[in-house]
Amino acid sequence: MPKPTGTRSTRRTSSLSRGPVDRLGPMCAISSSCPTTRRTWQFWLRRSSPLHSVLLRRNRSGSCLRWRHVSRTRTKKADSLEQRFTGRFKYILKTFHPPGLPGETPGKSSNVRWAGERLFEFVDENSVKSEHCIVTVADADSEFHRSYFTALSYHFLKASREQENKQHFTIWQAPIIHFKNYHTQPAVERLASTITSQHELANLADPDATAFPYSSYSLSLSLCRAVDGWDPDWISEDWHMYLKCFLLTEGRVEIQPVHLPILNYAPEGDNIFETLGARWTQAKRHCLGVSEIVYWLCNIPIVWSRLGGCSSCASFVRCVRFTVRAWPPLAKMIWIHFVSATVAFLGPVNSSIVGLLWLNGDYKHIDSWIFLLNICLQVFYGCSFLIIQVLSVLLYERVKSSIKPAPKNTALERMSAARWSPVWLHAVTTVTQNAVSAPGFFFCGAFAEWIATCKTAVTHKFDYEVALKPKVDAP
């Protein structure tokens, strides 16, 4: 079995097929340490966006630039970035992921897996202590708050002093805000960005909520090595890594918030039709995260078996404790995908039934407390939707300095851009547009969920469809 600071496994088969608890033991053997310094590594996943520089202490940070495969253009870009940022990072590691490796499904998971393996080798060759390192996975369009890595260092050191090895059982997540191209997003896409961003904010702000890592996140390099890195054949790399770590640590891994926003772009093409097509591509890919429910349910019994089941009182207590910890993540996954798959149909059906009862004068049911509760809940949901839209405007005001300016090349664009300036006009426009867009948004979201569910009934290996992102020039 691989150890946190030893030679890692090179197997590329699915963790679902081999059982992730094959490596349960080493997680309890992470070396105890309370470092006074730490190094941070960032996995910048190259797509079409430029690499944004992050100001860090030169002797305490490294950058791992990851490309899908070698090509003349990518090699040239890698050399250019290395030359540009030499001196701003202690280490710069370039990796090129070769295509067609056995057991891999092309996508972010396999790309991060490859970059992680190269990083493990690099750390060993340079005698860097894994327990003093933090790995941050980020897309190329992620714009971190200038104090993010300082805050991450603080939380890492704070965790090490609160409880032994706690820093190695923690994944840090900052709220992801899809607002960088807010002004050019169509109304229905802006609604999706609003709901997703506020969902992430709410989960991280509530200490009792069950949070999942999303898009860009940080974790201890020791934790990465102890679980043998990322699995290369699952499409939801962020959720899957969390669930894998959760299973291998008997549910000891937890998500801790870093309350500094990370902004990125929503999908965008050259025109509104390309943009909506790109957002649909992204929605279908995100909905494939429903396959993680299958992964979870298949591996829970294996964990029980590895823990000893009912063979002894101590084993039984461990199984019960793990089961109690395992329910919230399962409930969260089911809730997210169930609501997305049904809300587009339950709302109209419920409204139709209420309308029919009212028109037919069925006072026997209208006077019931269930009918009254139904009406109150509908009013509550409507008010909640309204509040979310108003809060999105306030969120915009807080992060607008990092948002790409609205285009003002034509008279129509200048007129359109004027609606973002007064807060009240922005709020009225947002509420109106999103109310009109909501039915189509929820219907498309439900349709994407059902497509993903049907695919998951056959396999957990899917084609990773990359959605278009805005083409921007390097600063």
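Is Glu250 buried or exposed? Select this residue to begin the tour of a predicted model: Glu250 has a relative accessible area of 10%, and because buried means under 20%, it counts as buried. Its place is the loop between helix 7 and strand 9 (254-257), and its phi is positive, at about 60°, although the residue is not a glycine. Most residues other than glycine have a negative phi.

Asn165 can be selected next, in the loop between helix 4 (148-162) and strand 6 (170-173). Here too phi is positive in a residue other than glycine, with a value near 65°, and Asn165 is buried, with a relative accessible area of 11%.

**The whole chain**

Zoom out to the full protein chain, which holds 14 helices and 10 strands. Of its 475 residues, 52% are buried. If one takes the contacts between residues at least 6 apart in sequence, 78% of them join residues at least 24 apart.

**Helix 5 and helix 12**

Now select residues 187-205, which form helix 5, together with residues 369-399, which form helix 12; the two pack at an angle of about 85°, with their axes 10 Å apart. That angle makes helix 5 roughly perpendicular to helix 12. To see the contact itself, display Leu191, Thr194, Gln198 and Leu201 on the helix 5 side, which meet Phe385, Ile388, Gln389, Leu391, Ser392 and Leu395 on the helix 12 side. By class, the residues of this contact comprise six nonpolar and four polar, with no charged residue.

Stay with helix 5 and pick Ser197, which lies in it and is buried, with a relative accessible area of 0%. Not counting residues up to four places away in sequence, Ser197 touches Ile176, Ile177, His178 and Phe179. A distance label between the C-alpha atoms of Ser197 and His178 should read 6.4 Å, for two residues that are 19 apart along the chain.

Ala192 is also found in helix 5, and at 4% relative accessibility it counts as buried. Leaving aside neighbours within four places in sequence, Ala192 is in contact with Arg279 and Phe441. Gly445 is a useful further selection, since its C-alpha is 9.4 Å from that of Ala192, although the two residues are 253 apart in sequence.

**Aromatic rings**

How many aromatic pairs does a search of the whole structure find? The search finds 20, and one of them is formed by Phe212 and Trp239, a tilted pair with 4.7 Å centre to centre and 45° between the planes. Phe212 lies in the loop between helix 5 and strand 8 (217-220), while Trp239 lies in helix 7 (residues 237-248), so the pair ties together parts that are 27 residues apart in sequence. Both Phe212 and Trp239 are buried. Widen the selection to include Tyr242, Phe246, Trp296 and Phe322, and the display shows one aromatic cluster, made of these residues together with Phe212 and Trp239.

Two further rings are worth displaying with an arginine beside each. The charged end of Arg118 sits over the ring of Trp114, 4.1 Å from its centre, and Arg190 lies over the face of Tyr182, at 5.3 Å from the ring centre.

**Helix 9 and helix 10**

For the last stop, select helix 9 (residues 291-307) and helix 10, which pack at an angle of about 180° with their axes 10 Å apart. The two helices are therefore roughly antiparallel to each other. Helix 9 contributes Glu292, Ile293, Trp296, Leu297, Ile300, Val303, Trp304 and Leu307 to the contact, and helix 10 contributes Ser315, Arg318, Cys319, Phe322, Thr323, Ala326, Pro329, Leu330, Met333, Ile334 and His337. Sorted by class, the residues of this contact are 14 nonpolar, three polar and two charged. Trp296 and Phe322, which take part in this contact, are also members of the aromatic cluster visited earlier.

End at Val320, placed in helix 10 (residues 313-359), which at 36% relative accessibility counts as partly exposed. A final distance label can join the C-alpha atoms of Val320 and Trp304, which are separated by 9.0 Å and belong to residues 16 apart along the chain.

Conventions
Residues are numbered from 1 along each chain as its sequence is written. This is a predicted model: local features need pLDDT of at least 70, side-chain atom pairs count only at pLDDT 80 or more; totals for chains, interfaces and linings use all residues. Side-chain values use heavy atoms; hydrogens and water are left out. Axes are lines fitted to C-alpha atoms, for helices over the stretch in contact, and angles run from 0 to 180 degrees between N-to-C directions. Helices (H or I, at least four residues) and strands (E, at least two) are DSSP runs, numbered from the N terminus. Angles under 35 degrees count as roughly parallel, over 145 as roughly antiparallel, 65 to 115 as roughly perpendicular and the rest as oblique. Contact means heavy atoms within 4.5 Å. Ala, Val, Leu, Ile, Met, Phe, Trp, Tyr, Cys and Pro count as nonpolar, Asp, Glu, Lys and Arg as charged, and the others, Gly among them, as polar. Rings of Phe, Tyr and Trp (its six-membered ring) pair if their centres lie within 6.5 Å; planes under 30 degrees apart count as stacked, over 60 as edge-to-face and the rest as tilted. Buried means under 20% relative accessible area, exposed over 50%, partly exposed in between (1.4 Å probe, protein chains only). A charge sits over a ring if NZ of Lys or CZ of Arg is within 6 Å of the ring centre and within 35 degrees of the ring normal.
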